Amino acid sequence: MLRCLKHLWLGLALIAAASGILLSSDLGRRQKTASSPARIPRVALFQFVSTALIDDTAKGVVDGLAAAGFVEGKTIQLARFNASGDYATATAIAKDLASGGYDQIVTVSTPALQAMAAANRDGKTPHVFGAVTDPYGSGVAITGPAPDQHPAHLVGIGTFQPVASAFAIARQMNPQLRRVGVVWNPTEHNSEACVLKARAICRELGLELAEANVGNTSEVPEAIRSVLAREVDAVWIGGDTVVNASPGSVIAIAKAAGVPVFTNDPTDTARGALFSLGASYPDVGRTIASLSVKLLRGTDPRTIGVENVVPERLTLNSETLATFASKWSTSPELLARAAGSAPTATAAAPAPKAQPKPTPGRTYKVNLVYMTP
């Protein structure tokens with residue numbers, strides 16, 4: 001035994017010395033790792049287009065995250081993406097996000113949900129969505145509100161616009177209402193879902209729905225004029241992304257024809273809509289943020305259901321109401337219900353500044369670039 005130990009002691013001593021050197025050399029790295037702060041989560045915020053509704057929702061998401069301690073640039077890395085209303089761009093963004101190493105992706109709007117769900121089918125990245133009219137019918141494998149009725153990595157909220165209630169208010173304000181016009185994009189599921197609701201309530205109320213279809217924003221003015229030519233009593237704007245990109249132009253064209261507009265976006269009364277009944281989208285955004293926070297803190301998405309969340313808000317424009325007072329009127333009940341009215345007067349514009357004059361003898365070069373006629 002002693003003889004074996006004599007032969008082995010040198011080897012054992014060398015092994016012990018080598019181990020000591022390795023542990024000492026690694027001590028600094030291990031101490032640095034132990035004392036370093038937790039890794040900041042990376043979250044992508046992806047919206048399909050910039051409209052008042054979508055932008056308000058996105059801002060609500062950011063505000064909600066900050067209120068929960070996930071402050072942009074400090075305790076969370078928040079990357080923002082916007083497809084500017086282009087489906088090909090949305091698809092490209094979604095593919096990039098699906099392989100971009102994010103801890104979570106938050107989408108705002110139905111097209112953003114659909115593009116991201118298609119690119120993230122394998123569920124590598126948790127996905128939270130919102131500002132979606134009908135998630136159950138959006139074709140992203142969400143079949144109902146229960147926790148076991150959606151993909152394990154995909155959770156969020158639906159916000160189905162109160163279409164029927166808006167038409168009921170319109171009839172209440174104008175008992176002689178007979179025909180309502182609408183312009184919508186048939187390729188958007190969210191828009192189709194709202195129009196189906198509108199058709200149903202119109203049948204119930206004995207109204208006619210005069211429809212015109214569009215594929216992009218450039219087609220909206222002509223489409224709204226074609227609807228107005230059918231002698232409608234009012235125009236309705238529902239949950240259509242294309243039309244919601246330029247509600248001001250729809251309202252202006254209709255007003256010039258002597259026809260009021262009502263919508264499902266509460267911010268539209270500030271642009272001249274007669275009234276708007278819809279969700280408070282900053283609150284919708286904060287609800288989305290609460291789901292995002294739960295997942296960031298370790299909650300399993302499979303324990304959360306996909307619910308319909310509509311924090312209703314009614315707004316009235318008293319100036320527009322005065323314009324159409326011969327046929328449209330409100331009531332103390334509606335006034336009490338209104339969350340806030342649009343300003344009744346436009347602030348005076350500042351005096352124009354003196355414009356510089358062209359330099360004599362100089363030839364100016366101007367480039368005009370546009371995307372489509």
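A residue counts as buried when its relative accessible area is under 20%, and as exposed when that area is over 50%. Keep these cut-offs at hand for the exercises below, which work through a predicted model.

**Exercise 1. Valine 243**

Find the element that holds valine 243 and decide whether this residue is buried or exposed.

*Solution.*
- Start with the location: valine 243 sits in helix 8.
- Next, take its relative accessible area, which is 2%. The cut-off for buried is under 20%, so valine 243 is buried.
- Now look for its partners. Beyond the neighbours within four places in sequence, valine 243 is in contact with Val183, Trp184, Val214, Val220, Ile237 and Val250.
- Finally, try a C-alpha distance: isoleucine 224 is 19 residues from valine 243 in sequence, and the two C-alpha atoms are 9.9 Å apart.

**Exercise 2. The whole protein**

Describe the protein by its secondary structure, its burial, its contacts and its surface.

*Solution.*
- Count the elements first: there are 12 helices and 13 strands.
- Then turn to burial. The protein has 373 residues, and 45% of them count as buried.
- For the contacts, take those with a separation of 6 or more; 73% of them join residues 24 or more positions apart.
- For the surface, the protein exposes about 19500 Å², with 57% supplied by carbon and sulfur atoms.

**Exercise 3. Helix 2 and its cover**

Work out how the span of helix 2 relates to the expected one, and which elements cover its buried residues.

*Solution.*
- Helix 2 runs over residues 52-67, which makes 16 residues.
- From first C-alpha to last, helix 2 reaches 22 Å, close to the 22 Å expected at 1.5 Å a residue.
- Go along helix 2 and mark the buried positions: Ala52, Leu53, Ile54, Thr57, Ala58, Gly60, Val61, Val62, Gly64 and Leu65.
- While you look at that pattern, recall that an α-helix has 3.6 residues a turn, so residues three or four places apart point the same way.
- The cover over the buried residues of helix 2 includes strand 1 (42-47), strand 2 (77-82), strand 3 (104-108) and strand 4 (127-132), along with helix 10 (281-296).
- Step just past the end of helix 2 and you meet glycine 69, with a positive phi of about 100 degrees.

**Exercise 4. The largest cavity**

Say how much space the largest cavity holds and what lines it.

*Solution.*
- Begin with the idea behind the search: rolling a probe the size of a water molecule over the atoms shows where empty space is left.
- The structure has 3 cavities of 30 Å³ or more, and the largest holds about 160 Å³ of space.
- Its lining has 18 residues; those nearest the centre are Leu53, Ile54, Asn190, Gly239 and Thr241.
- Helix 2, helix 4 (110-119), strand 4 and helix 8 (241-244) are the elements that each give two or more residues to this lining.
- Sort the lining by class and you get 7 nonpolar, 10 polar and 1 charged residues.
- Here is a link to the previous exercise: Leu53 and Ile54 are among the buried residues of helix 2.

**Exercise 5. Two positive phi values in loops**

Locate serine 84 and glutamate 231, and decide whether each is buried or exposed.

*Solution.*
- Serine 84 has a phi near 55 degrees, a positive value in a residue other than glycine.
- Its place is the loop between strand 2 and helix 3 (87-98). With a relative accessible area of 61%, serine 84 is exposed.
- Glutamate 231, another residue that is not glycine, has a positive phi near 55 degrees.
- Glutamate 231 lies in the loop between helix 7 (220-228) and strand 8 (234-237), and its relative accessibility of 63% makes it exposed.

**Exercise 6. A loop serine and a helix leucine**

Which residues touch serine 280, and which touch leucine 321?

*Solution.*
- Serine 280 belongs to the loop between strand 10 (275-279) and helix 10. Its relative accessible area is 15%, so serine 280 is buried.
- Setting aside neighbours within four places in sequence, serine 280 is in contact with Pro311 and Arg313.
- Leucine 321 is part of helix 11 (residues 318-323). At a relative accessible area of 18%, leucine 321 is buried.
- Not counting residues up to four places away, leucine 321 touches Met173, Leu274, Trp328, Ser329 and Thr330.
- To finish, leucine 321 and phenylalanine 275 are 46 residues apart in sequence, with 8.6 Å between their C-alpha atoms.

Definitions and conventions. Residues numbered from 1 in each chain as written. Predicted model: local features only at pLDDT ≥ 70, side-chain atom pairs only at ≥ 80, totals over all residues. Heavy atoms only, no water. Helix = DSSP H or I, 4+ residues; strand = E, 2+ residues; numbered from the N terminus. Expected span 1.5 Å × (residues − 1). Buried < 20%, exposed > 50% of the residue type's maximum accessible area, 1.4 Å probe, protein only. Contact = heavy atoms within 4.5 Å. 1 Å grid on protein atoms, 1.4 Å probe; cavity = no way out; pocket = protein on both sides within 12 Å on 5 of 7 lines; lining within 4 Å. Points joined across faces, edges and corners; volume = space filled by probe spheres on them. Nonpolar A, V, L, I, M, F, W, Y, C, P; charged D, E, K, R; others polar. Areas by Shrake-Rupley, 256 points an atom, 1.4 Å probe, with all protein chains shown as cover.
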